[in-house]
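Please consider the protein chain shown below. The paragraphs that follow move from a single residue to its surroundings and then to the chain as a whole.

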Amino acid sequence: MPDNMADPLRLLRHAVAEHAMPTMLTSAESSGPVTDDIATATHLIFPADPSVAPLPLSTSTRFVRKAGPNTAGGAIDLRAAYFCWLCRDENVAQYIALCGEKDVVNLTFLERASLVTWLEGADEQSDYIVSDTGTAAAPAQAAPEPKAAAANLKAVAAEGAEAKAAAARVKRPVDPRLERIYAIERVLVNRNTVLRGIKQTDFSYVRKEATESFIRSHGRSAPGAQPARQRGAPYQRGPSTVAGPAPSSGPSTKRRDPIILLSPSASSLLTMSNIKDFLERGTYVTAPPSSSAVNIQMINRTSNRLGQVRFVVVDSCERFKPDYWDRVVAVFTTGQAWQFKLYKWHNPHELFQRVKGFCVTFSGDPVPESVRAWNVDVVQVDKVHRFRDRETVEGLWDVLEKWMEARGWSGKGKPAS
């Protein structure tokens, strides 16, 4: 098949059958740069058909969507068809979120199922794919112009309507009730896409803190609650208990100091040898190239919001107990995902929804692309003027203390879960 008459859907189906998936390029050259991001890719090359030149991802296909109340009809491009195949194992919510992130047209459930089934070779016909009879003709003609190609596509769609009507007579009849349902089908939109957007936020801590607050207020208003508090008796709520404040003469609860994790990367500006100067004294000191720094630092902080707080700073979680992760409030990163390999949450997107993330760089230095994609605050340190360090550090503390205050932290630590 000549390059100029190559059918995108046929090429994609052939690639799936041969287990030779297409390669995404950022240029029209066969030897151009390769990318894994469909949002930046411009062309697709098919190793299973080496004689075919790279096809633009904007090329229209024979997959024609039906117009509906919330769906625009018309042919989809190669980008949407290929991305549908790449996301064949994703559920509906994940597929919609990925389409929004990559700016790709998302197909309805029935459209996805029909396209994937056809590409796998399990079905030879589809209600959405028009006949390719017209595309196989005139092999000696030159490559059509874009306007001519669009006109040909409309002609093929018109011919495909007749072919589809003939195929419908051969296929089993469709229940009229299903046809009415298909006609009013809408693209599924859930709270993840409407309220949360691409970055999902974990609000489970709000429920826990609201529960604890309700129990405490209920205990204070209940009859006889005050004498029980004076005796240090706990409030009972089902199988769990929330202890009331004990008298000064009684045993004190175990202190739960917040934990800050540093990056062990050699490129990190903050290490165990200079973190105390930076966070406690407000001065950035260049860390020595090789030093036998301690493996733990205690940072004392007097805050208007939290009072007197002692922070535990480490650069490794190898000796963490399971309950230590409830005390982690901040993670400093350089944008390298291997840092989180031993963490409780390996996925950076999930990690930085549960803890506050910071990336410290010099002013003027480029910020890693991975950091921009995560929920991380970038803190820039002046390379020369040290008198600006105090302002920078106080800004970092202000962000972290607001985050901690919203999650129930105080000078006495965080209440036990």
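Is Arg386 buried or partly exposed? Arg386 has a relative accessible area of 28% and is therefore partly exposed, since buried means under 20% and exposed means over 50%. The model is a predicted one, and the values discussed here are computed from it.

Arg386 is a suitable place to begin, as its side chain meets that of Asp389 in a salt bridge, with 2.6 Å from N to O. The partner has another environment: Asp389 has 0% relative accessibility, so it counts as buried. This salt bridge therefore joins a partly exposed arginine to a buried aspartate.

Salt bridges that share partners also join Arg301, Arg390, Glu394 and Glu401 into one network. Within this network, Arg301 pairs with Glu394, the closest N and O atoms being 3.1 Å apart. Arg301 belongs to strand E9 (residues 297-303), whereas Glu394 belongs to helix H13; the two are 93 residues apart, and the pair links distant parts of the chain. Arg301 counts as buried because its relative accessibility is 13%, while Glu394, with a relative accessible area of 29%, is partly exposed.

A further salt bridge connects Asp277 and Arg281, where the closest N and O atoms are 2.4 Å apart. Asp277 is partly exposed at 21% relative accessibility, and Arg281 is partly exposed with a relative accessible area of 43%. Across the whole structure, the search finds 19 salt bridges.

The aromatic side chains provide a second set of contacts. The count comes to 13 aromatic pairs. In one of them, the rings of Phe311 and Trp397 have centres 4.9 Å apart and planes at 50°, so the pair is tilted; the stacked class requires planes under 30 degrees apart and the edge-to-face class over 60. Phe311 lies in strand E10 (residues 307-314) and Trp397 in helix H13 (residues 389-406), so this pair ties together parts that are 86 residues apart in sequence. Both Phe311 and Trp397 are buried. Helix H13 thus takes part in the contact with strand E10 through Trp397 and in the link to strand E9 through Glu394.

A stacked arrangement is found for Phe332 and Phe358, with 5.4 Å from centre to centre and 25° between the planes. Phe332 is in strand E11 (residues 328-332) and Phe358 is in strand E12 (residues 356-362), so the pair ties together parts that are 26 residues apart in sequence. Phe332 counts as buried at 5% relative accessibility, and Phe358 counts as buried at 1%.

Ring pairs also link Phe320, Tyr324, Trp325, Phe340, Tyr343, Trp345, Phe352 and Trp374 into a cluster. One member of this cluster, Tyr324, has a charged neighbour: Arg327 lies over the face of Tyr324, at 5.1 Å from the ring centre. Elsewhere in the chain, Arg88 lies over the face of Trp85, at 4.1 Å from the ring centre.

Attention now turns to the surface and the loops. Val174, Leu178, Ile181 and Tyr182 form a nonpolar patch on the surface, with about 350 Å² of accessible area together. Ile181, one of these residues, is placed in helix H6 (residues 176-183).

Two residues deserve a note for their backbone angles. His19 is not a glycine, yet its phi is positive, at about 55°. His19 is located in the loop between helix H1 (8-17) and strand E1 (23-25), and its relative accessible area of 73% makes it exposed. Asp103, also a residue other than glycine, has a positive phi near 60°. Asp103 is found in the loop between helix H3 (92-102) and helix H4 (109-120), and at 70% relative accessibility it counts as exposed.

The chain as a whole sets these details in context. Its secondary structure comes to 13 helices and 13 strands. Of the 417 residues in the chain, 36% are buried. The chain exposes about 24100 Å², of which carbon and sulfur atoms supply 54%. Among contacts with a separation of 6 or more, residues 24 or more positions apart account for 57%. The pairs of Arg301 with Glu394 and of Phe311 with Trp397 are examples of links between parts of the chain that are separated in sequence.

How values were computed. Residues numbered from 1 in each chain as written. Predicted model: local features only at pLDDT ≥ 70, side-chain atom pairs only at ≥ 80, totals over all residues. Heavy atoms only, no water. Patch = residues over 30% accessible without salt bridge, like charges linked within 9 Å, V, L, I, M, F, W, Y side chains within 5 Å. Areas by Shrake-Rupley, 256 points an atom, 1.4 Å probe, with all protein chains shown as cover. Salt bridge = Lys/Arg side-chain N within 4 Å of Asp/Glu carboxyl O. Helix = DSSP H or I, 4+ residues; strand = E, 2+ residues; numbered from the N terminus. Phe/Tyr/Trp six-rings, centres within 6.5 Å; stacked < 30°, edge-to-face > 60°. Buried < 20%, exposed > 50% of the residue type's maximum accessible area, 1.4 Å probe, protein only. Lys NZ or Arg CZ within 6 Å of the ring centre and 35° of its normal. Contact = heavy atoms within 4.5 Å.
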